[in-house]
Amino acid sequence: MSIMVTPNAISLILVNPCPDSSSDLPEIIVQVTDLKLTGTKYMFMANDGKMKVRALLQSALSSEVTSGNIQNLGLIRILDYTLNDIPTKNEKFLIVSKCEAVSPALESEVKTEGDENLLKKPKLEMDVKSEVNGIVLRPKQEMIVAKSAAQIVNEQNRNMAPSARMAMTRRIHPLVSLNPYQGNWTIKVRVTSKGNMRTYKNARGEGCVFNVELTDEDGTQIQATMFNDAARKFYDKFQMGKVYYISKGTLKVANKQFKTVQNDYEMTLNENSEVEEASNEASFIPETKFNFVPIDELGPYVNGRELVDVIGVVQNVSPTMSIRRKINNETVPKRDITIADETKKTVVVSLWNDLATSIGQELLDMADKSPVVAIKSLKVGDFQGLSLSALSKSIVVVDPDTPEAKKLRSWFDSEGKETTLDAIGSVLSPSTQSGTRSMYSDRVSLAHITNNPSLGEEKPVFFCIKTYISYIKPDQTMWYRACKTCNKKVTEAVESGFWCEGCQKNVQDYSLRYIMVVKVSDASGEAYLSVFNDQAEKIIGCSADELNLLKSEDTDNSSYQMKLKEATWAPHLFRVSVTPHEYNNEKRQRITIRAIAPIEYATESKYLMEDISKMKISKVL
């Protein structure tokens with residue numbers, strides 16, 4: 001075989017754990033062994049025939065594995081990497097951020113024998129000797145000379161601007177290579193979204209917080225959050241659209257429930273973090289990366305926190321409308337566009353402000369040509385069953401030069417424009433047009449949920465169930481005090497009235513809103529479901545204020561308990577979400593009712609007949 005592993009490749013990596021640039025790297029070819037999927041990334045052992053090191057492929061390289069380019073026992077050429085120390089495990093960990101496949105799987109692991117096992121000296125003429133506890137590197141005089149040269153360069157550039165010095169003397173890490181175990185790093189990013197400064201109160205006191213979304217040249221994004229002193233220090237520093245060098249931050253695994261960008265980690269900057277604007281040098285426009293969701297798979301995202309990217313052919317563009325906001329009585333421009341994709345479904349996307357007047361007008365002018373449009377960061381709502389709404393950070397690209405756009409254009413020109421297209425909102429709505437998802441589209445039993453504890457770990461999953469409420473515990477906390485303006489929880493103020501965290505002001509009155517747990521049963525088992533105000537009112541048959549009044553006026557609680565009892569053993573159709581949560585350090589499922597509908601017996605009978613027919617067919621087969 002003409003291409004083999006680089007002799008002593010692991011030693012070369014150990015000598016240069018954080019290369020200044022990929023262009024300075026010698027050729028490093030290693031064999032991939034023990035390749036396996038861990039979470040969302042692939043881990044492996046990098047083997048040079050003499051030594052091995054534990055390694056990880058960044059998420060961007062996962063497609064190389066799934067496509068078959070990178071195989072177990074195959075060879076790869078490492079083009080960029082970072083070698084991290086993991087003190088808790090006393091070992092090295094190789095993060096591969098850029099590589100290319102060299103060879104498919106070999107018949108066996110590469111092993112060198114005899115004199116070839118000796119580690120060759122790298123370019124800096126290091127003495128490398130093997131010991132029981134690992135490899136000891138003893139630098140020679142050339143290393144001292146190199147260090148002295150670096151000092152001279154540093155002295156020559158001492159009078160440069162801080163950002164320029166940072167660019168000259170420190171390696172810029174791509175965002176995709178960062179992880180919580182990394183030590184020193186510097187990133188060069190553009191601010192693509194900036195939140196408002198918010199204040200908060202909790203048991204530890206008061207504080208302020210704000211966050212920004214950062215994007216590097218490759219289009220990778222990460223959310224950075226700052227609290228208190230750091231928030232006050234950097235709030236004016238970060239400006240939308242500007243490019244910065246950032247270092248001395250910390251990373252942790254992102255909370256999937258609240259994250260707004262596609263990244264496994266989120267960043268925290270403190271008052272000791274370094275942020276320098278990249279001025280007087282070449283800037284960059286981040287490459288926009290999309291993670292498209294097909295229109296017929298948007299249902300689980302309705303009213304969720306996770307934003308989606310979509311691509312579709314424009315079917316209709318409305319004129320500009322003026323909408324008055326309830327929150328501040330301000331009038332803003334709005335324009336609706338209807339798009340379709342290969343799932344033969346359409347969805348309405350609402351564009352606001354500048355997007356409505358600029359891109360919206362451009363789409364209106366070329367609507368007769370049915371352009372392809374790709375939109376990033378849309379919120380999924382339940383208006384008319386399902387609709388999409390653009391945000392201030394949304395990005396709209398008309399006729400993008402991407403494989404997805406070319407494929408969509410080909411489909412539409414060949415068959416899509418002659419195909420009957422259905423609105424996704426009407427498909428997701430039941431016959432009552434109440435705006436909730438059909439209760440018959442993905443019906444499961446309670447056992448299907450409770451017997452699969454891993455459901456919802458990646459993101460919330462949604463199901464429909466038909467159950468009976470078998471028990472409502474009367475002495476549980478069934479409601480909370482809520483602000484009448486924003487429905488957020490209020491607490492007693494120091495002097496008088498109540499403090500609303502959402503409105504950031506004192507209010508004199510409040511209303512009660514349900515937050516309770518009910519026990520439900522079906523033929524397969526039972527489970528406890530969390531219920532919030534709107535759904536609880538349908539179950540109980542009255543508001544939380546009315547139930548509280550009944551409880552306070554009833555001296556022996558008999559009327560109150562009878563009201564709860566009347567709500568049990570009635571059949572309901574529930575749309576539920578399933579997510580994991582921890583309680584007393586124990587991981588559990590949280591099943592939450594998102595929608596409730598009465599049973600339509602004609603539809604229910606039709607569903608049961610179809611289910612019976614499927615069972616008969618499966619028995620025949």
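Two strands are said to pair when DSSP finds at least two bridges between them. The model on screen is predicted, and this tour begins with its strands.

**The whole chain**

Show the full chain before selecting anything. Its secondary structure comes to 14 helices and 31 strands. The chain has 621 residues, and 43% of them are buried. Among contacts between residues at least 6 apart in sequence, 62% join residues at least 24 apart. The accessible surface is about 34400 Å², with 49% of that belonging to carbon and sulfur atoms.

**Stop 1: strand S19 and its partners**

Select residues 345-352, which form strand S19. Of the 8 residues in S19, 6 are buried, and the strand is mostly covered.

Now add residues 331-340, strand S18. S18 and S19 run antiparallel and are joined by 7 bridges. One residue pair to pick out is Lys334 with its bridge partner in S19, Trp352. The two strands form a hairpin with 4 residues between them. Click on Lys344 in the turn: its phi is positive, at about 65 degrees.

Next, add residues 387-398, strand S21. S21 pairs with S19 in the parallel sense, over 2 bridges. Which residue of S21 is the bridge partner of Ser350? The partner is Ser389.

Then add residues 422-423, strand S22. S22 also runs parallel to S19, joined to that strand by 2 bridges. Here Thr346 has Ala423 in S22 as its bridge partner. Both senses of pairing can occur in a sheet: strands pair through backbone hydrogen bonds, either parallel or antiparallel.

**Stop 2: Ser387**

Stay with S21 and select Ser387, which lies in that strand. Is Ser387 buried or exposed? Its relative accessibility is 13%, so Ser387 counts as buried, since the cut-off for buried is under 20%. Setting aside neighbours within four places in sequence, the residues in contact with Ser387 are Val347, Val348, Lys379, Val380 and Gly381.

**Stop 3: Thr467**

Move along the chain to residues 461-471, strand S23, and select Thr467 within the strand. Thr467 counts as buried because its relative accessibility is 1%. Not counting residues up to four places away in sequence, Thr467 touches Leu446, Val520, Ser521, Asp522, Ala570, Pro571, His572 and Phe574. For a distance to display, choose the C-alpha atoms of Thr467 and Ala523: they are separated by 8.5 Å, with the two residues 56 apart along the chain.

**Stop 4: a sheet of three strands**

Select strands S25, S26 and S27, which make an open sheet in the order S25-S26-S27 with antiparallel pairing. S25 (490-492) and S27 (505-507) stand at the edges; each has a single partner strand, so one side of each is left without a neighbour in the sheet. From one strand to the next, the twist averages 40 degrees.

S26 covers residues 498-500 and pairs with S27 over 3 bridges, in the antiparallel sense. To see one residue pair, select Cys500 and its bridge partner in S27, Lys505.

**Stop 5: the cavity**

How many cavities of 30 Å³ or more are there? The count comes to 1. The largest cavity holds about 40 Å³ of space. To find where it lies, select the residues that line the largest cavity: Gln223, Ala254, Lys259, Thr260, Val261, Asn263, Tyr265 and Glu266.

Notes:
Residues are numbered from 1 along each chain as its sequence is written. This is a predicted model: local features need pLDDT of at least 70, side-chain atom pairs count only at pLDDT 80 or more; totals for chains, interfaces and linings use all residues. Side-chain values use heavy atoms; hydrogens and water are left out. Axes are lines fitted to C-alpha atoms, for helices over the stretch in contact, and angles run from 0 to 180 degrees between N-to-C directions. Buried means under 20% relative accessible area, exposed over 50%, partly exposed in between (1.4 Å probe, protein chains only). Contact means heavy atoms within 4.5 Å. Accessible areas come from the Shrake-Rupley method with a 1.4 Å probe; for residues, only the protein chains shown count as cover. On a 1 Å grid over the protein atoms alone, a cavity is a set of points where a 1.4 Å probe fits but cannot get out, and a pocket is an open set with protein on both sides within 12 Å along at least five of seven lines; lining residues have an atom within 4 Å of a point. Grid points are joined across faces, edges and corners, and a volume is the space filled by probe spheres set on the points.
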